[in-house]
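Good morning, and thank you for coming. Today I shall walk through one structure, and I ask you to keep it in view while I speak.

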Amino acid sequence: MNHYTRHFGRLAALVLLLGSTACISTRGVGPAYERPESPLPEAFGEAQGAAAERRADWWSAFDDASLEALVLAVRENNRELRAGLARLNQARALVGAARTEGMPQIAVEPSFQRARTSDRLEVFPGVTAGRTANTTTLPFTLGWELDLFGRIQHSIEAAQADMDIAEADFDALLLLLETEAASTYLSMRTIDLELSVVARSVETFRESAALIRRRFDLGAVSELDVARADSLLASREADQFALQRARTTAQYALAVLVGETATGFQVESAPLAGQPPSVPPGLPSELLLARPDLRRSERRLAAENARVGVATAAFYPSLSLTGSAGWQATDASDLFDTDAKTWAIRPQLYLPLFQGGRNQANLDRSRARYEEVVEDYQNSVLIALSEVESALATQRFLESQSAAQQRAVVAALRARDVSMTQYEVGTADFLDVLDAERTALDAQRSEARLRGEAFLNTVQLLRSLGGRW
């Protein structure tokens, strides 16, 4: 065992020497990566003013405990998100595998062979020696490719960029699911608000229908007014059922997002109240570069740039070193004797003299692929900028539209009350009352929907900002 220990120590020392050499890496041939200029203004055109604080927990801006609980449940339990995390872990493992290419590879390959040589095989001229013999071998093998021109280093850079892409994909999926849960939740709250409006209207119509029927019984009105009142009441009751159906569908969709079964999942009714959080002005446009989709596009650039380096390195020589050291004997009991030692070393140089144009074709393809991704990246920046500007403009227009709609609601309610008063004293037709009732209800429902749109647009704005503001 002393011989064994000494030889293993020598081999370990050689491995450490090679490993330390491998750590002194060079990028070799190929282009250095630089992120291209982005067509971004200093700030978004629809938001000017003081610099804003950057926040990652965007949902906290709504100051809604139920919304926060739902988003956290999505982050914890969503099945699609867990699958995305598994994909990310696969990419991380591939980076580790790529890094091993630049390190010495050591293995032990023990073997046993029993063989007989032919009686017709001449050992020396005129001498044959057919015999049966055992051979026991215990070698340690070593293989290592010296990264002279950066092929392995560029491969590692490409794998790292691919992992960054997977991380950006995961972040994009997370943001998508968070905002989808928030939008679904706020849509339910909007439906609750609209349901409260319709429920009050149904009660009003029910009272009106009862009043008309009493007047009919007294002979003060015709049966036509009774039929019209009953028709309007039934129509509003149908609206209630339609809204309840839409709410149930949204609730079941939310159950899937938080990783629960639809059966038994409940979100308590709570009409949407207040106003959505206001995204502060003066947001720097560089916020866009933190968006998961733009980070993904930028990391694709880095990966393709590294692959150009791999394709460039293919034009240059490669040097690999293989070797073995160990023991070999016919009798296993003699395996660790001094005379049983065996070793071999084989440096191998590969010179790509003629490849039929394959290396040039691969390099041309890599460069063209990089140029394609550059254009995709620039286009993604433009799309992202357009999404933010559109959401900011929508926010501004919704504020003006909501103010006008509030005035319309006030006027419609006043017209409804006046028409009913005039009908009761006989100076107005019941059709005027019905028309005023419909107008008032439609105005109130439009106001509720506009409030919901304002909340949903804020979610869309925060999503377009990458969940940070």
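I shall speak about the nonpolar core, the aromatic rings, the cavities, and then a few individual residues.

Please keep in mind from the outset that this is a predicted model.

Let us begin with the core. The largest nonpolar core contains 57 residues. Which residues have the most contacts inside it? They are Trp58, Phe62, Tyr185, Leu186, Leu254, Phe265 and Leu461. Several helices contribute to this core: helix H2 (65-77), helix H3 (79-99), H4, H5, helix H6 (292-313), helix H7 (358-424) and H8 each provide at least two residues. The largest share comes from H4, which supplies 16 residues.

Two of the residues just named, Trp58 and Phe62, lead us to the aromatic rings. There are six aromatic pairs in the structure. One of them joins Trp58 and Phe62 in an edge-to-face arrangement, with 6.4 Å from centre to centre and 80° between the planes. Are these two residues buried or exposed? Trp58 has a relative accessible area of 1%, so it is buried. Phe62, with a relative accessible area of 12%, is buried as well; the cut-off for that word is under 20%. Trp58 and Phe62 also belong to one aromatic cluster, together with Trp59 and Phe455.

Rings may also have a charge placed over them, and I have two examples. In the first, Arg215 lies over the face of Tyr423, at 4.9 Å from the ring centre. In the second, the charged end of Arg396 sits over the ring of Phe397, at 4.6 Å from the centre of that ring.

I turn now from filled space to empty space. Rolling a probe the size of a water molecule over the atoms shows where empty space is left. In this structure there are two cavities of 30 Å³ or more. The largest cavity holds about 50 Å³ of space. Which residues line this cavity? The lining consists of Phe205, Ser208, Ala209, Ala229, Leu232, Met420, Phe430, Val433, Leu434 and Glu437. Three elements give two or more residues to that lining, namely helix H4 (151-217), helix H5 (223-257) and helix H8 (430-464). Of these, H8 gives the most, with four residues. By character, the lining residues comprise eight nonpolar, one polar and one charged.

Let me close with individual residues, taken along the chain.

I start with a residue that has an unusual feature to look for in the backbone. Asp63 has a positive phi of about 50°, although it is not a glycine. Where does Asp63 lie? Its place is the loop between helix H1 (2-23) and H2. Asp63 is exposed, because its relative accessible area of 71% is over the cut-off of 50%.

Next come two residues of helix H2. Glu68 lies in that helix and counts as partly exposed, at 35% relative accessibility. Glu68 and Asp57 are eleven residues apart in sequence, and their C-alpha atoms are 9.3 Å apart in space. Ala73 is also placed in helix H2, but at 17% relative accessibility Ala73 counts as buried. How many residues separate Ala73 from Val258 along the chain? They are 185 residues apart along the chain, yet their C-alpha atoms are separated by 5.4 Å.

Helix H4 offers two further cases. Ile152 is found in this helix and is buried, at 2% relative accessibility. The C-alpha atoms of Ile152 and Glu101 are separated by 6.6 Å, although their positions lie 51 residues apart along the chain when one counts from one to the other. Leu173 is likewise part of helix H4, and at 10% relative accessibility Leu173 counts as buried. Leu173 and Pro292 are 119 residues apart along the chain, with 8.8 Å between their C-alpha atoms.

To summarise, H4 supplies the largest share of the core, while H8 gives the most to the lining of the largest cavity. When you return to the model, you may wish to begin at Trp58, which is buried and which forms an aromatic cluster with Trp59, Phe62 and Phe455. Thank you for your attention.

Key: Residues are numbered from 1 along each chain as its sequence is written. This is a predicted model: local features need pLDDT of at least 70, side-chain atom pairs count only at pLDDT 80 or more; totals for chains, interfaces and linings use all residues. Side-chain values use heavy atoms; hydrogens and water are left out. On a 1 Å grid over the protein atoms alone, a cavity is a set of points where a 1.4 Å probe fits but cannot get out, and a pocket is an open set with protein on both sides within 12 Å along at least five of seven lines; lining residues have an atom within 4 Å of a point. Grid points are joined across faces, edges and corners, and a volume is the space filled by probe spheres set on the points. Ala, Val, Leu, Ile, Met, Phe, Trp, Tyr, Cys and Pro count as nonpolar, Asp, Glu, Lys and Arg as charged, and the others, Gly among them, as polar. Rings of Phe, Tyr and Trp (its six-membered ring) pair if their centres lie within 6.5 Å; planes under 30 degrees apart count as stacked, over 60 as edge-to-face and the rest as tilted. Buried means under 20% relative accessible area, exposed over 50%, partly exposed in between (1.4 Å probe, protein chains only). A charge sits over a ring if NZ of Lys or CZ of Arg is within 6 Å of the ring centre and within 35 degrees of the ring normal. A nonpolar core is a set of buried Ala, Val, Leu, Ile, Met, Phe, Trp, Tyr and Cys residues joined through side-chain atoms within 4.5 Å.
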